[in-house]
Amino acid sequence: MISSSEYGSHSWELVVTVDHQHEEVQKEFLLRVTGDLHIGGVMLKLVEQIKMSQDWSDYALWWEQKKCWLLKTHWTLDKCGVQADAKLFFTTQHKMLRLRLPNMKTVRLKVSFSSMVFKAVSDICKILNIRRSEELSLLKQSEDTLKKKKKKDKNSKEPVTEDIINLCNSPVSSGLSGSPGLYSKTMTPLYDPISGTPASSTITWFSDSPLTEQNCSILAFSHPNCSPETLAEMYQPRTLGDKAKLNAGWLDSSRSLMEQGILEDDQLLLRFKYYTFFDLNPKYDAVRINQIYEQARWAILLEEIDCTEEEMLIFAALQAYHVSKLSLSSEAQDFTCESEVDEVEAALSNLEVTLEGGNASNILEDITDIPKLADNLRLVRPRKLSLKAIKPYWFVFKDTSVSYFKNKESAQGEPIEKINLKGCEIVPDVNVAAKKFGIKLLIPVADGMNEVYLRCDNETQYARWMAACVLASKGKTMADSSYHPEVHKILSFLKMKNWTMSPQAVSDPESIDMKPECFVSLRYTKKYKSKQLAARILEAHQNVSQMTLVEAKLRFIQAWQSLPEFGLSYYIVRFKGSKKDDVLGVSYNRLIRIDIATGDPITTWRFSNMKQWNVNWEIRQVAIEFDQNVSIAFTCLSADCKIIHEYIGGYIFLSTRSKDQNETLDEDLFHKLTGGQE
């Protein structure tokens, strides 16, 4: 036994503030504790002292100075390093958060502020009925992107909460038993694959969850576009530096919201961070497909990604079709003919293949005898001081290389030049109206990239050679099962671009009730009058008017994926040994060093050639080693280097996914690849 005086010498007073809503009850409590008292014991003492009956199960201790949760209840105060000067808060782990979705709707729901962001996003996606939550993350808008909005808000008298969908009835922590996880052949289809409406068998499921049928409709359907005036008020990046600002605010997936300074009822953006959309299926993914479509739509409208005028009109036609489709009566969406449904399902199944990461049941077997292409093409080499030299040659494509000869007869001998396309950048150079079908090859050399253009004669030739070049740049041959779907994807995109003027469409511009300015970026509203735009959009619309609603969205996503800049997230960096800043583009399979002034690619490094990467946390420098003794190092100037480190690890993690029915996400592997040793 020890005397009370001796006990007193080892004990000390700890101040804990309790976060509760009862004004008549005190909020600050003084506890006498010893260093060997565990965290669970501290909470027990505190609850006994509060003398207020309520459910404390969601409460935990937050250490203000260290910005960390004390969640390991079996750890002692000594082990945690808590001393008398510590400021502890006894607060709820789940708090309200406002999330701006890709479709610009805001939802308000309860989120875990103590779980790692990766887990919190997974729980959010269960509520919103979005599968493959690992593709999304939370983004905090930078001050620069909010400036325009703040100016607008000063003149606006509209209530802030006008557009908020409240999903706070059920905390995320409880999860939804009916919520779809990974794909399963025995899963009940949740959506009609044609219209995207909830299937009748799932209506009960929706009514049991905070995501009611009405809310599901808001998340799974596109709604009329905002006005051109609203579009003009939104942040639109003009330079690569501006685009880099868009990616600066990604939250750290390995830390909690509270640890990153996020407060209750703050607003964050929920966005698709990783551009590898795996296993898209219209039967289960109506919300997911719509939100991907919306993210693509806004990226194009706000010019976050560049596209040609021809492409902009295709995107506008697909959008206009959505709005007109939604304005039709409900029976128009109610297809009951079995044969039609089967045809659409087959079309969508084939379409899945063309979406990156998609997989079809009729996969072609890899061929042992690698096929080759041989044809007459024209070669263009840009010259600085003279006109471009355009010459016809006999080209042969085999393995991952393209060779060219003077003519077909000399193809048995040595080629004039053999270009290995592995690691090259392949950029389409197409204008369907002008019958221009070009392929731009950016070939890495010691001091940058060499440009070579291949000119094809027609769409079919272009699609075959373009598909071969794209696969070769990834180190794949034409024997790969993805070659024919790639050709099909390119042809279908060209077909959408290849429209002819329909007199009926021009004579009846009111056939679709729309404001054309709502469907194109501001650049084109300044260039053309409203009637001109309407006529051109309706002209392009002829090629997409037979599509179902879901197919049109998938086509839109597919066209977005075909853009040269698709999937690139930009950061301003300073490479080791360099005296000027560069832009680093991070994609799902490569890193690209880009000249900040001209926007031209300098060098490309593929993840498939990467041996290891790490971060020197003291000087915040990312170092990467590749095959053939190539190594690079850079510091990130536009964001924390942890963001780029997580991007690289995240893409490598996503490349390990497969359609194994029993597979669950390996969260530990994700944190191992992305967390870093800070």
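**Exercise 1. A charged pair in helix H15**

Are lysine 489 and glutamate 486 buried or exposed, and at what distance do their closest N and O atoms lie?

Solution. The model is a predicted one.
Step 1: lysine 489 and glutamate 486 are both buried.
Step 2: the two form a salt bridge, with the closest N and O atoms 3.8 Å apart.
Step 3: lysine 489 and glutamate 486 both belong to helix H15 (residues 483-497). They are three residues apart, about one turn of the helix.

**Exercise 2. Salt bridges of aspartate 581 and lysine 580**

Find the salt-bridge partner of aspartate 581 and that of lysine 580, then place each residue as buried, partly exposed or exposed.

Solution. Buried means under 20% relative accessible area and exposed over 50%, with partly exposed in between.
Step 1: aspartate 581 pairs with arginine 574, and their closest N and O atoms are 2.7 Å apart.
Step 2: the relative accessibility of aspartate 581 is 26%, so aspartate 581 is partly exposed. Arginine 574, at 31%, is therefore partly exposed.
Step 3: lysine 580 pairs with aspartate 595, with 3.9 Å between the closest N and O atoms.
Step 4: lysine 580 sits in the loop between strand E18 (569-575) and strand E19 (582-586), while aspartate 595 sits in the loop between strand E20 (590-594) and strand E21 (601-606). The pair therefore ties together parts that are 15 residues apart in sequence.
Step 5: lysine 580 has a relative accessible area of 42% and is partly exposed. Aspartate 595 has 18%, so this residue is buried.

**Exercise 3. A network, and arginine 131 within it**

Which residues are joined into one network by salt bridges that share partners, and where does arginine 131 lie?

Solution.
Step 1: by the distance rule, the count of salt bridges is 35.
Step 2: those that share partners join Arg131, Arg132, Glu134, Glu135, Asp279, Asp285, Arg288 and Arg657 into one network.
Step 3: arginine 131 is found in the loop between helix H4 (117-128) and E8. Its relative accessibility is 1%, so arginine 131 counts as buried.
Step 4: the side chain of arginine 131 reaches the backbone oxygen of aspartate 279 at 2.9 Å. The side chain of arginine 131 also makes a polar contact with the side chain of aspartate 285, at 2.9 Å.

**Exercise 4. A five-stranded sheet**

In what order do the five strands of the open sheet stand, and which strands are at its edges?

Solution.
Step 1: the order is E8-E10-E6-E7-E9, and the pairing is mixed.
Step 2: strand E8 (136-139) and strand E9 (164-166) stand at the edges. Each has a single partner strand, so one side of each has no neighbour in the sheet.
Step 3: from one strand to the next, the twist averages 40 degrees.
Step 4: strands of a sheet pair through backbone hydrogen bonds, either parallel or antiparallel. E8 pairs with strand E10 (residues 267-272) in the antiparallel sense, over four bridges. Leucine 139 has leucine 269 in E10 as its bridge partner.

**Exercise 5. The surroundings of leucine 377**

Which residues is leucine 377 in contact with, leaving aside its neighbours within four places in sequence?

Solution.
Step 1: leucine 377 belongs to strand E11 (residues 373-381). It is buried, with a relative accessible area of 2%.
Step 2: the contacts of leucine 377 are Lys391, Pro392, Tyr393, Phe395, Leu454, Arg455, Cys456, Gln461 and Trp465.
Step 3: tyrosine 404 is 27 residues from leucine 377 along the chain, and their C-alpha atoms are separated by 9.1 Å.

**Exercise 6. Helix H14**

What span should the 15 residues of helix H14 (residues 459-473) have at 1.5 Å a residue?

Solution.
Step 1: the expected span is 1.5 Å times one less than the number of residues. For H14 this should come to 21 Å.
Step 2: the end C-alpha atoms of H14 are 21 Å apart, which agrees.
Step 3: H14 is mostly covered, with 13 of its 15 residues buried.
Step 4: at the start of H14, a side-chain oxygen of asparagine 458 comes to within 3.3 Å of the backbone nitrogen of threonine 460. Glycine 475 follows H14, and its phi is positive, near 85 degrees.

**Exercise 7. The whole protein**

How many helices and strands are there in the protein, and what percentage of its residues count as buried?

Solution.
Step 1: the protein has 21 helices and 24 strands.
Step 2: of its 678 residues, 54% count as buried.
Step 3: among contacts between residues at least 6 apart in sequence, 64% join residues at least 24 apart.

Terms used: Residues are numbered from 1 along each chain as its sequence is written. This is a predicted model: local features need pLDDT of at least 70, side-chain atom pairs count only at pLDDT 80 or more; totals for chains, interfaces and linings use all residues. Side-chain values use heavy atoms; hydrogens and water are left out. Two strands pair if DSSP finds at least two bridges between them. Helices (H or I, at least four residues) and strands (E, at least two) are DSSP runs, numbered from the N terminus. Axes are lines fitted to C-alpha atoms, for helices over the stretch in contact, and angles run from 0 to 180 degrees between N-to-C directions. A salt bridge is a side-chain nitrogen of Lys or Arg within 4 Å of a carboxyl oxygen of Asp or Glu. Buried means under 20% relative accessible area, exposed over 50%, partly exposed in between (1.4 Å probe, protein chains only). Contact means heavy atoms within 4.5 Å. A polar contact is a pair of N or O atoms within 3.5 Å; within protein, one must be able to donate a hydrogen and the other to accept it, and residues adjacent in sequence count only if both atoms are side-chain atoms.
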